[in-house]
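Colleague: Could you take a close look at a single part of this model and then place that part within the rest of the chain? Please keep the confidence of the prediction in view.

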Amino acid sequence: RRVARCALRSGSLRRLLVTALALLVLRTGIGFLNLARTPGTGCGGLALGGSESAGAGSALPLRPQAGGAGSRPRVQASAGPADVFDGWSAAFTSWSGVQFLLAMAPAIIVEIIVLEPVQQLLTDVGIRAPPASRDYVAGSDNSIKVQRAFDFAAWEKQRKNPDRYWETLGNTLGNSTMLNRLQGPLLVLNLVAAAVLFYNMNLVPQGLPALALPALPFTLSSFVLGLLVTFRTNTSNNRYVLARNNWGDILNVSRDLIQTAFLWVKDEEVARDFARWVPAFSLALMCHLRDPRSHDLREELRAAAGPADTATGLGSGLTEQEITEIVERPVGMNAPHFVLHRLRLKLEAMGFGVNDQRRVLMEYNITRLINDMGSCENIFATPIPLGYTKHTARFLYVWLLLLPAALEGSLGFGVVFAQQLLAFGLLGVEDIGIQIEEPFAVLPLKKICTKISLEAQVVRANAALLGTAASVGKALPAPRDETPASGGNSEMAKRLAASISADSSGWIPH
């Protein structure tokens with residue numbers, strides 16, 4: 001009962017029921033047409049048996065017929081519900097009815113697979129990965145995944161032949177979220193293809209004009225359509241790459257600022273205070289560029305300290321008062337801008353002269369962060385021209401809606417499957433462009449920020465071991481014993497190594 005209630009609440013089941021009802025109505029119409037052509041029967045009228053002039057199987061109106069001397073018209077009773085049901089059953093169980101159902105089988109299978117109970121069953125048997133194992137874009141109803149950060153194992157799996165082909169095809173019905181996103185448009189296109197097939201198969205023989213279009217216009221327009229879809233996807237990919245490069249620069253600049261603060265500033269506490277604010281910028285920028293439902297700014301700023309179990313003492317992060325200052329910043333100033341303003345104030349407290357080359361280089365790095373922030377804001381606020389996006393979507397969908405009329409004559413019952421296959425391929429390419437057009441929702445930004453926070457914590461907690469400006473000319477202390485029992489550096493080393501793994505918190509920009 002629980003599964004049934006869950007299925008009834010899902011939109012997929014409702015669409016499946018609509019599809020089944022449409023098929024039932026279509027086959028009922030076929031039944032009535034076949035019954036009307038049956039010799040000696042009629043619906044609400046008289047049929048004159050044995051009349052050569054009427055022709056075999058012609059239904060005559062309800063009126064007496066003139067016959068020979070003493071002849072009396074033979075009245076055929078109107079067909080009852082049983083006759084209608086028999087005619088419908090004969091049509092439904094006919095070979096054409098079976099073919100029609102087979103033609104709709106791919107569409108029906110897709111509708112069944114995307115049902116929530118079926119998806120849960122695929123998860124239980126291990127075919128589909130649990131939704132909790134992946135991050136999803138806020139507001140997407142778990143239909144858009146955040147990209148994973150790759151490690152060596154992921155790259156090996158990515159380029160493995162020929163297993164990657166079978167896994168990719170198998171994941172289409174399980175782990176692929178594209179099928180869920182395209183389910184509605186595919187259903188409409190499949191119903192249109194089925195309607196064209198039904199019309200030409202059953203109504204055209206009754207004298208209605210055929211639904212057929214020449215293939216030449218589709219052949220000529222396919223080149224333009226391909227250019228439109230490809231150009232739009234390439235433009236979205238360029239935005240994705242630019243956003244990725246901006247965040248790669250943020251990672252590099254953050255590392256540089258933390259290192260130079262400890263190596264150039266005499267006061268170690270001033271350098272440590274500066275290094276606590278650097279990771280706050282990337283996390284504040286992530287919250288600024290993403291849906292507010294994705295992250296809580298206060299919690300993310302707490303995470304800027306690094307792993308919670310080692311964010312104490314020298315490895316501690318921002319205080320609650322400093323976090324509150326960022327959250328309750330002046331109206332009109334976004335959080336990452338406020339953090340950069342504070343970083344410049346911290347730079348003033350380092351005591352560098354105005355013309356000091358070290359100060360110039362650190363100022364330049366903060367300016368690079370401002371440039372990266374502005375570039376990300378431009379990408380987020382400026383989509384691909386809406387006219388181009390809308391025209392591509394309209395052209396593509398209308399082209400696919402009319403395509404069955406050109407394919408049915410040559411493919412017959414295969415037109416529904418061909419329509420589904422072509423629509424999945426073309427709509428899928430267009431959908432990819434839509435998903436990556438706004439790249440910050442799908443890029444693994446959290447992993448980049450976690451990497452910055454972890455590395456900053458390692459430097460703050462191990463400044464004496466790594467060396468600072470105050471230790472120039474002095475012998476560095478010997479590293480502590482790297483054994484599990486000693487804790488300290490060993491635990492930090494493990495976390496830093498784990499940060500490179502995609503499954504923990506790492507991302508290496510390329």
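**A close look at Gln420**

Modeller: Gln420 counts as buried because its relative accessible area is 10%, below the 20% at which that class ends. The model is a predicted one, and I return to its confidence below. Gln420 belongs to helix α16, which covers residues 415–437. Setting aside neighbours within four places in sequence, the contacts of Gln420 are Pro106, Ala107, Val110, Leu186 and Asn190. Two of these partners, Leu186 and Asn190, fall within the residue range of helix α8, so it makes sense to take that helix next.

Helix α8 runs over residues 178–203, which is 26 residues. From its first C-alpha to its last it reaches 36 Å, close to the 38 Å expected at 1.5 Å a residue. The helix has a kink of about 45 degrees at Gly184, shortly before the proline Pro185.

Helix α8 also helps to cover helix α15, along with α9 (216–264) and α16 (415–437), the helix that holds Gln420. Helix α15 takes in residues 386–411, again 26 residues, and its end C-alpha atoms are 36 Å apart; that agrees with the expected span because 1.5 Å a residue gives 38 Å. Its kink, of about 35 degrees, is at Leu402, shortly before the proline Pro404. The buried residues of α15 include Thr389, Thr392, Leu396, Trp399 and Leu400. Also buried are Leu403, Pro404, Ala405, Ala406, Leu407 and Glu408. After α15 comes Gly412, with a positive phi near 65 degrees.

Another residue of α16 can be tied to a distant part of the chain. Ile144 sits in the loop between α5 (116–124) and α6 (152–158), and its C-alpha is 7.7 Å from that of Gln435, although the two are 291 residues apart along the chain. Ile144 is buried because its relative accessible area is 16%, under the 20% cut-off.

Helix α9, named above as part of the cover of α15, holds Trp264. Trp264 counts as partly exposed because its relative accessibility is 24%. Its C-alpha lies 9.0 Å from that of Met350, with their positions 86 residues apart in sequence.

The cysteines can be dealt with briefly. The structure has zero disulfides. Cys287 takes part in none, and the nearest cysteine sulfur, in Cys449, is 7.9 Å away, so that pair misses the 2.5 Å limit. Cys287 is buried because its relative accessibility is 16%, and Cys376 is buried at 0%.

For the chain as a whole, there are 19 helices and zero strands. Of its 510 residues, 41% are buried. Contacts between residues at least 6 apart in sequence are 75% made up of pairs at least 24 apart. The accessible surface is about 27,000 Å², and carbon and sulfur atoms account for 63% of that surface.

As for confidence, the average pLDDT is 75, and 68% of the residues score at least 70. Confidence is highest in helix α14 (residues 357–381), with a mean of 94, and lowest in helix α1 (residues 2–9), with a mean of 47. Residues 1–5 stay under 50, and the model gives that stretch one contact beyond four places in sequence. Residues 35–79 also stay under 50, but there the model has 37 contacts beyond four places in sequence.

How values were computed
Residues numbered from 1 in each chain as written. Predicted model: local features only at pLDDT ≥ 70, side-chain atom pairs only at ≥ 80, totals over all residues. Heavy atoms only, no water. pLDDT = per-residue confidence, 0-100. Helix = DSSP H or I, 4+ residues; strand = E, 2+ residues; numbered from the N terminus. Contact = heavy atoms within 4.5 Å. Expected span 1.5 Å × (residues − 1). Bend = angle between axes of the 7 residues up to and from the residue. Buried < 20%, exposed > 50% of the residue type's maximum accessible area, 1.4 Å probe, protein only. Areas by Shrake-Rupley, 256 points an atom, 1.4 Å probe, with all protein chains shown as cover.
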